[in-house]
Each structure stands twice: as structure tokens, then as C-alpha cells.
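Please open the model in your viewer and keep the sequence panel visible. The tour below proceeds by selection: each stop names what to pick and then states what is found there.

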Amino acid sequence: MAFLKLEHVSHLYFSNKTYTKALDDISLSINRGEFISILGSSGCGKSTLLSIIAGIIKQTKGNVLLNNIPLHQSDYVLGYMLQQDYLFPWKRIIDNVLIGLKVQKKVSKKTRQKALKLLDEVGLPHLEDTFPNELSGGMRQRVALVRTLITNPEILLLDEPFSALDYQTKLKLEDLVYRLLKQYHKTAILVTHDIGEAISLSDRIILMDTNPGRISTIIDVPKVLREEKPFLVRRQPSYQQLFDHIWASLNRGSETNGSKET
Ligand SMILES: Nc1ncnc2c1ncn2[C@@H]1O[C@H](COP(=O)(O)OP(=O)(O)OP(=O)(O)O)[C@@H](O)[C@H]1O
């Protein structure tokens, strides 16, 4: 049974007397523990899709099911990682990490220990009492990752979380995120504009077309690439082939025309 299932999902925005079909007939099944990336040009509906899965907006048509139960009736924990880390500057790292659990009144000696363990696992041992401004951008994103994982989310939505980082830090963080998500068997959906990132992290890649936003292709990343560490994937010959294929598909898609309905 699919863990997360989208059935014929469409979404229409209405503003300034204009309807915009942001998503058109999206059907997709995602298995527990799967890493999915969504690639597509600006305006193809990636953020709309994430917002629907996050329950922030409700689709105008179709169903979104989690474990076969409509999403809005499900009691599930969602993790979010965004381009910005949104750490509270006046709070120590440990308090930033525990903020979600504090809101839920779930902070205990055990959760503090878990937080310290996770900080250690992401390469930030002994930094729990420092403040965000004492850390680099990459370190801050690792704190954001721990803050997300500590709540034990069932689904992680990753909205371009590496795009503000320098290239070297980004590659290192990709490796880390990949390793931790596989280790904890997390289901993740990544929105990115970076084809290389999508190939090196994903089990499957969803290519979207624009106007209206729709799925054009679903690509199964070959096993040989999935078995390699993200950084090393880029050295495989099949990586370049897949990169070229995705590049061509996205460019073909961007040549199509679209519809604003009034
Ligand atoms: N609140 C809104 N009201 C009206 N139209 C909207 C709204 N939000 C998004 N849209 C439109 O819906 C379409 C999809 O937008 P969306 O932001 O989901 O795309 P995206 O793929 O995430 O874009 P980007 O890569 O630039 O972030 C676009 O045509 C956009 O103009």
C-alpha cells in the first residue's frame, strides 16, 4: 500500500478576477522511506504541491491520502526544511532544536539526550550552548535538520534547503541528509532546481511541466546510482546520461505554452 497517495489532484487559484490552474490532474504514489525529488521550471506548481501535502492549502479537486486516510483527517507529523533556517537568534542551539517539542510539551531528559545525539551525528558536538550567529550557514542548516528530525516526522518536505549554501557545503550537506534520512527510514519530498542534486539524492524524480502544472515524466533513478553516496554519484557514467535526459526533457517542457483562464 502506498504511504502517500495523490489521486487526480488539481488546484485552481482565484485572484484579481483570474483563475490560474496551478496543478492539473496530479496522480502519484509514494512509498514509506522513499526519497522523491520534484524538478520543473518556475511556476509549474512545485510549491502548491508541497503546500497541499503539508495541509496548508486544500486542493480544489482530487484526493490526498496518507495510509489510505484523507490527509486532512490524518494525524501526522510533518517536517519542513527550507532555504532559510529560521533559527531564533536569541535562543541557544539546544533550545532551537527542541522548540517543536517544547510547543508540544514533550521536552524531557530523554529528548534532550536524543537532541545531543543528533547534533553529534550531524557533526556539531559540544555546540548545544552556542547561539546561531556563532555558526556558519552550513552548520545552521544542520541544526535545522536536527530540529526537523527530533520531532520524528513521518514526511519531510525539503523546499530547496541547500540552495543558499556554497557548493562545497551543499554537497557535504546533501551527503549528510541522505545518510540520515535513509538511516531513520524517512519519507522525503525535495523541491529543487538542481538536476544533480535530484539525481544524487532520489529514488524517483518527478518532472513537471508548466501552465498548467502537471507531471510530465516520472523517472526511476537506476540502482547503480542509488547505491552510491550522493557525492560519488556524480562520477558515474550513467549520472551524466540521466542528467542530459532530464535537461532535454525540462527544456522540451519549457517550450510548451500555457493557460491563464479568465
Ligand atoms: N496565492 C496565489 N494566488 C494566485 N496564483 C498563485 C498563487 N500562488 C501561486 N500561484 C500561481 O500558481 C502557479 C504555480 O505556482 P507555484 O508557486 O506553485 O509554482 P513553483 O513551481 O513553486 O514556482 P517557483 O519555482 O518559482 O517557486 C503559478 O502560475 C503562480 O503564479
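Begin by selecting Ile155 and Thr187: in β8, Thr187 is the bridge partner of Ile155. The model shown is a predicted one. The two strands concerned, β7 and β8, pair in the parallel sense over 5 bridges. Strands of a sheet pair through backbone hydrogen bonds, either parallel or antiparallel.

**Strand β7 and its other neighbour**

Next, add Leu78 to the selection; Leu78 stands opposite Ile155 in β7. Here 5 bridges join β6 to β7, and these strands run parallel.

Now show the side chains of β7, residues 155-159. Which residues point one way from β7, and which the other way? Ile155, Leu157 and Asp159 point one way, whereas Leu156 and Leu158 point the other way. All of them are buried, and β7 is accordingly described as mostly covered, with 5 of its 5 residues buried.

**The whole sheet**

Extend the selection to the sheet as a whole. It is an open sheet of 6 strands in the order β6-β7-β8-β3-β9-β10, and its pairing is mixed. The edge strands are β6 (78-82) and β10 (214-220), each of which pairs on one side only. On average, neighbouring strands of this sheet are turned by 20° against each other, direction ignored.

Within the sheet, select β3 (residues 35-40) and β8 (residues 187-191): 4 bridges join these strands, which run parallel. To see one of the facing positions, pick Phe35, which stands opposite Ala188 in β8.

**Helix α1 and the ligand**

Select α1 (46-53) next. This helix lies across β3, β7, β8 and β9 (204-209), and runs at about 155° to β8.

Then display the ligand together with the residues around it. Which of the 13 residues around the ligand come nearest? They are Tyr13, Ala22, Ser42, Ser47 and Thr48. The elements giving two or more residues to this shell are β1 (4-15), β2 (18-30) and α1. Among the contributors, α1 gives the most, with 3 residues. Colour the shell by residue type, and it divides into 3 nonpolar, 9 polar and 1 charged.

**Helix α5**

Move to α5, residues 137-149. This helix has 13 residues and reaches 18 Å from its first C-alpha to its last, close to the 18 Å expected at 1.5 Å a residue. An α-helix has 3.6 residues a turn, so residues three or four places apart point the same way.

Why is α5 described as largely enclosed by the rest of the structure? The reason is that 11 of its 13 residues are buried. The buried residues include Met139, Val143, Leu145 and Val146, and also Arg140, Arg142 and Arg147. To find what surrounds them, select β6, α2 (93-97), α3 (99-103), α4 (109-121), β7 and α6 (167-183): the buried residues of α5 pack against these elements.

**Strands β1, β4 and β5**

Turn now to β1 and β4 (residues 61-66), which pair in the antiparallel sense over 5 bridges. One pair to select is Ser10 with its bridge partner in β4, Lys61.

From β4, continue to β5 (residues 69-70); these two strands pair in the antiparallel sense over 2 bridges. Leu66 has Ile69 in β5 as its bridge partner. Together β4 and β5 form a hairpin with 2 residues between them, and Asn67 in the turn has a positive phi of about 50°.

**Backbone points in the loops**

Most residues other than glycine have a negative phi, and most peptide bonds are trans. The last selections depart from that pattern in the loops.

Select Glu160, in the loop between β7 and α6. Its phi is near 50°, a positive value in a residue other than glycine. Glu160 counts as partly exposed because it has 18 C-beta neighbours inside 10 Å.

Follow α6 to the loop between α6 and β8, where His185 is found. His185 is not a glycine, yet it has a positive phi of about 55°. Is His185 buried or exposed? His185 is exposed, with 9 other C-beta atoms within 10 Å.

Finally, select Asn211 and Pro212: the peptide bond from Asn211 to Pro212 is cis, with omega near -5°. Pro212 has its place in the loop between β9 and β10.

Terms used
Residues numbered from 1 in each chain as written. Predicted model: local features only at pLDDT ≥ 70, side-chain atom pairs only at ≥ 80, totals over all residues. Near = placed C-beta within 6 Å. Nonpolar A, V, L, I, M, F, W, Y, C, P; charged D, E, K, R; others polar. Pairing = 2+ DSSP bridges. Axes fitted to C-alpha atoms, helices over the stretch in contact; angles between N-to-C directions. Contact = placed C-beta atoms within 7 Å. Expected span 1.5 Å × (residues − 1). Buried ≥ 20, exposed ≤ 12 C-beta atoms within 10 Å, placed from the backbone.
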